[in-house]
Amino acid sequence: MSGNVLRGAPPHAGSTAYINARIIDPTADSEYTGAVLISDGKIADYGPNLFASGAPYGIESVDCRGLYLAPGLVDARVHTGEPGEEHKETLDSAAVAAAVGGITSMVLLPDNEPPFDDASLIEFVARRARQIRLVNMYAYGALTAGLEGKELAEMGLLAEAGALAFTDADHAVGNAQVMRRALYYAKAFDALIVHLPQEPTLSGGQMSSGEMATRLGLSGSPPLAEVMMVERDIRLVEMTGGRLHLAKISTGESVEVIAAAKARGLKITCDTAAPYFALNDLAVGDYRTFGKLVPPLRSEKDRMAIIDGLKSGVIDAIVSDHRPQDQDSKRVPFAQAEPGGIGLETLLPISLELVHNGHLSLPRLFQRLSSTPARLFALPGGKLAKGAPADLILFDANYAWKIDRADFWSKTKNSPFDERPTQGRVMATIVAGRTIYRDEAFVNAVTAA
Amino acid sequence: MPRLPHLLGIEGLSPETISGLLDLSESYIAQNRSIDKRRDVLAGRTVINLFFENSTRTRTSFEVAAKRLGADVINMDVATSSVRKGETLLDTAMTLNAMRPDAIVVRHAESGAVNLLSQKVNCTVINAGDGQHEHPTQALLDALTIRRRRGQLQGLLVAICGDIMHSRVARSNIHLLNIMGARVRVVGPPTLMPTDIDRMGVEVHYNMKSGLKDVDIVMMLRLQTERMQGSFVPSISEYFRFFGLDHEKLKVAKPDALIMHPGPMNRGVEIDSEVADDLDRSVIHEQVEMGVAVRMACLEALIGGRRNAMGAVA
């Protein structure tokens, strides 16, 4: 993508007014034309009437020319290769890709080498984030030591070091006793547990079970491997009173079961990742390893059910599930290929399809992308509020372009959305008032003004 | 018949292409039975048999076929090749490709590996079996065997029995028989049936009695214990009792029903020796003979013909 990542800028000081913007306020569930005033990196004021009679003298002002201005995306599921597999992605290259994609905060999964089951690794991420100084970077702590699903990780120490929540990433905790204890123990720290619900003994297949898997001669993981684990987890939450967030919901049956649990008043939330509402298992036809994901892409019926879950709010949040893989990991026979796809740079346009197709309003979409994940992980950004950090994006919702892996800023190119025609593009990304990314199209617009 | 770039599977082939290949195969049967078995249709061509999975019979069949057409044949024995030294599938493919063969015949244990390889080379690729996906020349030789015995495939009722889940032979045969207008049943224990197999245009039966009723053709499959992770059937003896083919179970089929098996057979597992060796019913050895003719036809159709000055095959 043609744009500039702006690294050197000093912290935002003084005041900047963004005028003539189409403002999306997810928490107020509203959208209007207006302005936002930023002072010293924080949102000082905003609204439809602010600077309605023209920009004030004496402060910097940016004419947004009708572009959308919204809270930056809060992506709760990002994997990078640092530490361990820096050839796939570093924290720096991931931060750049996030800036380009309009993600102002991201939470890093703990499944690195070494895994984040030690407080020093959480501190390492915080230190690297301060050095890179682009987007906000946070980290999960491991739920179990070595992500092995056997012994609890040092949740208290990890939380003290800054771990936002606890998860074993793409490893499901198969042992119910371990999960029960984790949910109990986490209560001492009011910690949130994030779990990928997949019954391990049923989810060893190469793709989702069904006609496509049968035709391709690939072993299948049945969709029920997910709902079985969702049901187990719900019972454990009921018993322990722990806080649980289920990750990457991919089947309609799971949505139904979670809806019922929420209706009973249980403290359960969930997310899905962009591929599960935008793709189905046809995407792995012809053995396309870029479509090999965890959980596997499901049927069209499940895809539609995930969209319904996003509409109804049963699914609280959308994540990118960014997982870089290099050519050596993907250009091999399907069964040998590593799972995962990159998603930081495509999260916004793919999610905007939900708006373009009439499923969600823009404020509702930004609840799923920004304000709700920020609330779940107790992050300060992701919303419009006086005093909140000025983590914002400007975007053109209708900008039509074709996703091309050659254009990614990520170190690896394994996007399941490669070659997809799409609409919507980030024009500027602002973190704590500082513009860290600007598209060339927007630079020209500003100059022309 | 339009020239195909590769032969990766039966799925997607037209009935005309299949009939054309079978017609061409017919012409080689007599040649193979005569004293002078050699023609020079592929003189000057190089065929590499690249087998990542052991297979004496298929590799030999391809080798005999290519040699009888005058091609130079190289067998890549993977056990002694650099694949064991960590070279990737694609490195191997590109290395062989650089030696400018006209065709590479590939067998691999992973579904889709042959498709992947075909994308990276600029010679013809023939799939000699990839994982649980396809084994197109096996389906063609089965079709040729049936057609010679029954005149045509259209309207026949065929039962494919046993380990459907792990079988590329079953998948290729299901495609081919459906394309040619035969009716297909799959018969076996539910644990060895792939999900939604009925959507491939087959009737599913879980017992031999209903599955074999009135069928014209019985295709037995080998129980592929080497591909099984975990227990799919309780024991070999139980499997044989309920799903092994013997004269008793065969009674419900048409009296002249043919018995086929892609080999190698597990006698006493999926097939009783008496049935396998029944000269009136079993065409298992004929299948092997047809295999050479079919592979000759495929090689000729894919890489035969004269090259023009630009190196392209006319």
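The paragraphs below go through a predicted model of two protein chains, beginning with the contact between chain A and chain B and then turning to features within each chain.

At the interface, 16 residues of chain A are in contact with 23 residues of chain B. Together the two chains bury about 1600 Å² between them, and 54% of this area is on carbon and sulfur atoms. On the side of chain A, Thr214(A), Arg215(A) and Arg331(A) supply 38% of the area that this chain buries against chain B, which is more than any other three residues provide.

Polar and charged groups also take part in this interface, across which the rule finds eight residue pairs in polar contact and two salt bridges. The residues with which chain A touches chain B divide into seven nonpolar, five polar and four charged. One salt bridge joins the side chains of Glu211(A) and Arg199(B), with a distance of 3.6 Å from N to O. Arg199(B) also forms a salt bridge inside its own chain, with Asp196(B), where the closest N and O atoms are 4.0 Å apart. Asp196(B) has a relative accessibility of 26% and therefore counts as partly exposed, since that label covers values between the 20% limit for buried residues and the 50% limit for exposed ones.

Over all chains the count of salt bridges comes to 41, and two of the pairs within chain A show how differently placed the partners can be in sequence. Asp170(A) forms a salt bridge with Arg323(A), the closest N and O atoms being 3.5 Å apart. Asp170(A) lies in the loop between β11 (166-167) and α4 (176-186), while Arg323(A) lies in the loop between β17 (317-319) and α10 (327-330), so this pair ties together parts of chain A that are 153 residues apart in sequence. Both Asp170(A) and Arg323(A) are buried, and both belong to a network of salt bridges that also links Arg77(A), Asp111(A), Lys248(A) and Asp321(A).

The other pair is Glu238(A) and Arg235(A), whose closest N and O atoms are 3.3 Å apart in a salt bridge. These two residues both lie in helix α6 (residues 224-240) of chain A, three residues apart, or about one turn of the helix. Glu238(A), at 36% relative accessibility, counts as partly exposed, whereas Arg235(A), with a relative accessible area of 55%, is exposed.

In chain B, helix α8 (residues 236-243) has Tyr239(B), Phe240(B) and Phe243(B) as its buried residues. Seen down the axis of α8(B), these buried residues fall within an arc of 105 degrees, and so they line one face of the helix. The face turned away from the buried side carries the exposed residues Ser237(B) and Arg241(B). What covers the buried residues of α8(B) includes α7 (208-211), β8 (217-220) and α9 (247-250) of the same chain.

A buried position is also found in a loop of chain B: Ala182(B) sits between α6 (168-179) and β6 (183-187), and it counts as buried at 7% relative accessibility. Leaving aside residues up to four places away in sequence, Ala182(B) touches Leu153(B), Gln154(B), Gly155(B), Leu156(B), Val158(B) and Leu177(B). Ala182(B) and Leu157(B) are 25 residues apart in sequence, yet their C-alpha atoms are 6.1 Å apart in space.

Some details of the backbone remain to be described. In chain A, a cis peptide bond with omega of about 5 degrees joins Glu113(A) and Pro114(A), and Pro114(A) lies in the loop between β8 (103-108) and α2 (119-132). In chain B, the peptide bond from Gly263(B) to Pro264(B) is cis, with omega near -10 degrees, and Pro264(B) is found in the loop between β9 (258-260) and α10 (273-276).

Chain A also contains residues other than glycine with a positive phi, including Arg65(A), at about 50 degrees, and Asp190(A), near 50 degrees. Arg65(A) is placed in the loop between β5 (60-63) and β6 (68-71) and is partly exposed, with a relative accessible area of 48%. Asp190(A) lies in the loop between α4 and β12 (192-195) and is exposed, with a relative accessible area of 53%.

Notes: Residues are numbered from 1 along each chain as its sequence is written. Chains are lettered from A and ligands numbered from 1 in the order in which they are written. This is a predicted model: local features need pLDDT of at least 70, side-chain atom pairs count only at pLDDT 80 or more; totals for chains, interfaces and linings use all residues. Side-chain values use heavy atoms; hydrogens and water are left out. Buried means under 20% relative accessible area, exposed over 50%, partly exposed in between (1.4 Å probe, protein chains only). Helices (H or I, at least four residues) and strands (E, at least two) are DSSP runs, numbered from the N terminus. The arc is that of the directions from the helix axis to the C-beta atoms. Contact means heavy atoms within 4.5 Å. Buried area is the accessible area (1.4 Å probe) that two parts lose on being put together, summed over both. A polar contact is a pair of N or O atoms within 3.5 Å; within protein, one must be able to donate a hydrogen and the other to accept it, and residues adjacent in sequence count only if both atoms are side-chain atoms. Ala, Val, Leu, Ile, Met, Phe, Trp, Tyr, Cys and Pro count as nonpolar, Asp, Glu, Lys and Arg as charged, and the others, Gly among them, as polar.
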